[in-house]
Amino acid sequence: QMNDPARWIPWAINIARLSKQAPTSISIEMRTELMKGTRIARSLRAGGRVPASICNAPKIHFTVAEKDIFQQYAIPSWMTRIYDLHDGDKKVDRVLMRKIYWHPVSDRPLSVDFVRYNPTPEKAIKVQIPIEIEGVDRCQAVAQGHYLNMLQRHIDVYTYLDPIPPSIVVNVENFHKKQNLRISDLWESGAFPKGMWPATKGMCSNEAISEEADFEDKFLLAISQI
């Protein structure tokens with residue numbers, strides 16, 4: 001069914017162009033400070049510093065500037081950006097920003113979790129890639145009164161690429177009514193570059209094993225009737 005010609009979609013997906021736009025890394029200044037206790041953590045936040053840690057072993061606790069967190073969070077692909085942590089002139093680690101914990105009232109960052117980025121084809125790392133849509137204004141189905149239903153705004157993938165593409169672009173210009181797009185469509189069309197594959201049920205972090213695996217398919221978007 002995945003190869004059914006009736007389901008073939010004339011899409012345009014461009015990862016290579018986006019990969020060139022992705023910065024190889026972004027430097028973030030860190031400080032190794034004493035952070036034991038709530039009072040010290042509050043004092044650091046009042047001074048514009050946010051407690052942070054690298055979660056995978058060996059764990060490291062430090063602080064980063066609050067303005068750096070806000071600046072990176074404003075970018076949709078912040079979870080796929082690779083950061084170089086620097087302590088003064090010393091490069092400490094290469095990391096991904098995994099999770100930001102926010103204050104429920106002030107919406108200021110309370111703490112940040114990072115993970116080291118040193119994946120291999122045998123042990124890739126799981127990230128979320130945003131889906132970008134283009135061609136909606138030229139889509140005949142939308143012009144006829146149908147609408148684009150985004151079922152997923154991100155795709156979970158395994159990757160060891162460096163840099164990581166900031167997004168997957170799907171061109172819906174030639175989509176017709178009641179048409180849909182699944183992860184299997186992207187996978188079988190070769191939209192995923194070498195070094196990246198879907199992180200759905202049935203796949204694993206080993207590239208060689210995943211290339212031969214059957215995985216759970218998911219709908220990404222559809223042209224729906226009003």
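1. A strand in this note is a DSSP run of E with at least two residues, and strands carry numbers from the N terminus. With that in hand: Pro58 sits in the loop between strand S2 (49–54) and strand S3 (60–65). Keep in mind throughout that we're looking at a predicted model.

2. That loop deserves a click, since the peptide bond between Ala57 and Pro58 is cis, with omega at about -5°. There's another cis bond further along, joining Asp162 to Pro163, and omega there is about 5°. Pro163 also belongs to a loop, the one between S9 and S10. For context, most peptide bonds are trans, and most residues other than glycine have a negative phi.

3. On the phi side, two residues caught my eye. Asp107 isn't a glycine, yet its phi is positive, at about 60°. You'll find Asp107 in the loop between S5 and strand S6 (109–116). Lys178 is also a non-glycine with a positive phi, about 65° in this case, and its place is the loop between S10 and S11. Is Lys178 buried or exposed? Exposed, because its relative accessibility is 60% and the cut-off for that label is over 50%.

4. Now the sheet. Four strands make an open sheet, and reading across it the order is S10-S7-S9-S12, with mixed pairing. At the edges are strand S10 (168–171) and strand S12 (196–198), each of which pairs on one side only. Ignoring direction, neighbouring strands in this sheet are turned against each other by 40° on average. In general, strands of a sheet pair through backbone hydrogen bonds, in either a parallel or an antiparallel way.

5. Zooming in on one edge of that sheet: strand S9 (residues 154–159) pairs with S12 in the antiparallel sense, over 3 bridges. If you want a residue pair to look at in the viewer, Tyr158 stands opposite Trp197 in S12.

6. Strand S13 (residues 219–224) is the one I'd look at next. It is largely enclosed by the rest of the structure, because 5 of its 6 residues are buried. Which strands does S13 pair with? Strand S8 (residues 147–150) is joined to S13 by 4 bridges, and the two run antiparallel. Strand S11 (residues 180–182) is the other one to mention, pairing with S13 in the antiparallel sense over 3 bridges. In terms of residues, Leu148 has Ile223 in S13 as its bridge partner, while Arg182 is opposite Phe219 in S13.

7. Salt bridges: the count comes to 10. Take Arg94 and Asp84 to begin with, where the closest N and O atoms are 3.1 Å apart. This pair links distant parts of the chain, with Arg94 in strand S5 (residues 90–102) and Asp84 in strand S4 (residues 82–87), 10 residues apart. Asp84 counts as buried because its relative accessible area is 8%, and the limit for that is under 20%.

8. Two other salt bridges are worth a look. Lys67 and Asp68 meet through their side chains at 3.5 Å, N to O. Here the two partners have opposite labels: Asp68 is buried at 13% relative accessible area, whereas Lys67 is exposed at 60%. The side chains of Arg138 and Asp137 also form a salt bridge, at 3.6 Å from N to O. Asp137 is exposed, with 68% relative accessibility, and Arg138 is partly exposed at 40%. Beyond single pairs, there is one network of Asp84, Lys91, Arg94 and Asp162, joined by salt bridges that share partners. Asp162 should ring a bell from point 2, as it is joined by a cis peptide bond to Pro163.

9. Lastly, a pocket. What is the volume of the second largest pocket? About 180 Å³. Its lining is made up of Asn56, Val115, Arg116, Tyr117, Asn118, Pro119, Thr120, Lys123, Ala124 and Ile125. Sorted by class, that gives 5 nonpolar, 3 polar and 2 charged residues.

Definitions and conventions: Residues are numbered from 1 along each chain as its sequence is written. This is a predicted model: local features need pLDDT of at least 70, side-chain atom pairs count only at pLDDT 80 or more; totals for chains, interfaces and linings use all residues. Side-chain values use heavy atoms; hydrogens and water are left out. Two strands pair if DSSP finds at least two bridges between them. Axes are lines fitted to C-alpha atoms, for helices over the stretch in contact, and angles run from 0 to 180 degrees between N-to-C directions. On a 1 Å grid over the protein atoms alone, a cavity is a set of points where a 1.4 Å probe fits but cannot get out, and a pocket is an open set with protein on both sides within 12 Å along at least five of seven lines; lining residues have an atom within 4 Å of a point. Grid points are joined across faces, edges and corners, and a volume is the space filled by probe spheres set on the points. Ala, Val, Leu, Ile, Met, Phe, Trp, Tyr, Cys and Pro count as nonpolar, Asp, Glu, Lys and Arg as charged, and the others, Gly among them, as polar. A salt bridge is a side-chain nitrogen of Lys or Arg within 4 Å of a carboxyl oxygen of Asp or Glu. Buried means under 20% relative accessible area, exposed over 50%, partly exposed in between (1.4 Å probe, protein chains only).
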